[in-house]
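Reader: Could you take me closely through a single part of this model, setting it first within the whole fold and then following its contacts outward?

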Amino acid sequence: MILAILAGFLTGFVLAMPPGPVGVMAINMGVNKGSKAGTQLALGTGFMDFVFCVFAMSMASAVQVALGGFTDDHPSLYLILQIAIILALFVYGIFNVRNKNTQGGDALQNPAEYSNSKLIRYLKDKGPFLLGIAIALTNIPNPTFLPSLTFIVSAVKSYAGNHGVYEVNAMSSLLFSIGFGLGNFVWLFTLVKTIIRYKDRISPKLMGKIRQFTGFTFIGFGTILGYKFIAQKGAEVIRLIFAL
C-alpha cells in the first residue's frame, strides 16, 4: 500500500503548487511570524486537504458504483469519458502554462486581499494551525473545487486500478488521502522555508514560473495516460470515430 500513499503524495504535492490564497497566507505567516508559524499553518491546510480527499474519494466511489452497470451497457460512452479525463488534464495544464501572471504572484506583495473572510479574521489570532484550517475551508464555496478534486482523484484511482498499480479498496483510498494531505503539507513547508531563506530573491515572476511548471506536470500526466490509452484502446477509438 506504499504506492497508494506515494500516488496521493504526488497528487497532493502537484495540486498545491499553483499560487493561491493558501500558499500566499503560508508565505505571509512564515515571513512575518517565523518558520514555526508557517509550518503550523501548513499542517492545518494539509489536514483539511486530507479531509477533502477522503470526501472526494467517497464521492468518486459512489459515482463509479452508480455508473458501473451503465458503462458495461454503453462501452462507447465509457470510452468517451476516459478520453475526456485525459483531455481535462491537458486543458488544466495548458491553463496553468499560459496564465503565468497569477494573483498568487501579486499577493506576495499584498497578501491582505486574502484576509477578508470573516472566518479567517476570527481565527487569525487563534493560532496558525486553526488559521490554516480556516483558509482551506474557504475553498468550499468555490463551486468547482470539490467537483474538480473528485474528478482528479477519480482519474488517479481508475488508472491505479486499471493498470494494477495498487489494489483499489477502502484502505488504499484512506492511504491515498493521507498521502494527499502530506503532499500538500510538504509543498507548503518547502515553500515557506524557501521563501524565508531567499525572500529577497523571490519575485512574482518566479511564482508564475512555478505555476507554469505545474501546468507542464499535468500535461506530462496527460501524455502518459494518453499513450497508455492509445496503446490499449486505439482500435476501439478508431471504430468509435468511424461509427460517428
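Author: The secondary structure of this predicted model comes to 10 helices and 0 strands, so that a reading along the sequence gives the pattern α-α-α-α-α-α-α-α-α-α. Of the 244 residues in the protein, 42% are buried, and the protein exposes about 13,400 Å², of which carbon and sulfur atoms supply 66%. Among the contacts that join residues at least 6 apart in sequence, 84% are between residues at least 24 apart.

The part to examine closely is helix 1, which runs over residues 2-15. Helix 1 has 14 residues, and the distance from its first C-alpha to its last is 20 Å, close to the 20 Å expected at 1.5 Å a residue. Its buried residues are Ala4, Ala7, Gly8, Thr11, Gly12 and Val14. Because these residues cover an arc of only 165 degrees around the axis, they lie on the same side of helix 1.

Aromatic side chains carry the description on from here. The whole structure contains 5 aromatic pairs, one of which joins phenylalanine 13 to tryptophan 187. The ring centres of phenylalanine 13 and tryptophan 187 are 5.5 Å apart and their planes stand at 80 degrees, over the 60 degrees that the edge-to-face class requires, and the pair is therefore edge-to-face. This pair links distant parts of the chain, since phenylalanine 13 belongs to helix 1 whereas tryptophan 187 belongs to helix 9 (residues 170-197), 174 residues apart. As for their surroundings, phenylalanine 13 counts as partly exposed because its relative accessibility is 23%, while tryptophan 187, with a relative accessible area of 10%, is buried. Phe9 also enters the picture, because ring pairs link Phe9, Phe13 and Trp187 into a cluster.

A second view of how separate stretches of the chain meet comes from valine 22, which has its place in helix 2 (residues 21-33). Valine 22 has a relative accessibility of 18% and therefore counts as buried, the cut-off being under 20%. Once its neighbours within four places in sequence are left aside, valine 22 is in contact with Leu41, Thr45, Ile135 and Leu188. Valine 22 can also be set against isoleucine 133: the two are 111 residues apart in sequence, yet their C-alpha atoms are 9.8 Å apart in space.

How values were computed
Residues numbered from 1 in each chain as written. Predicted model: local features only at pLDDT ≥ 70, side-chain atom pairs only at ≥ 80, totals over all residues. Heavy atoms only, no water. Helix = DSSP H or I, 4+ residues; strand = E, 2+ residues; numbered from the N terminus. Expected span 1.5 Å × (residues − 1). Buried < 20%, exposed > 50% of the residue type's maximum accessible area, 1.4 Å probe, protein only. Arc of directions from axis to C-beta. Contact = heavy atoms within 4.5 Å. Areas by Shrake-Rupley, 256 points an atom, 1.4 Å probe, with all protein chains shown as cover. Phe/Tyr/Trp six-rings, centres within 6.5 Å; stacked < 30°, edge-to-face > 60°.
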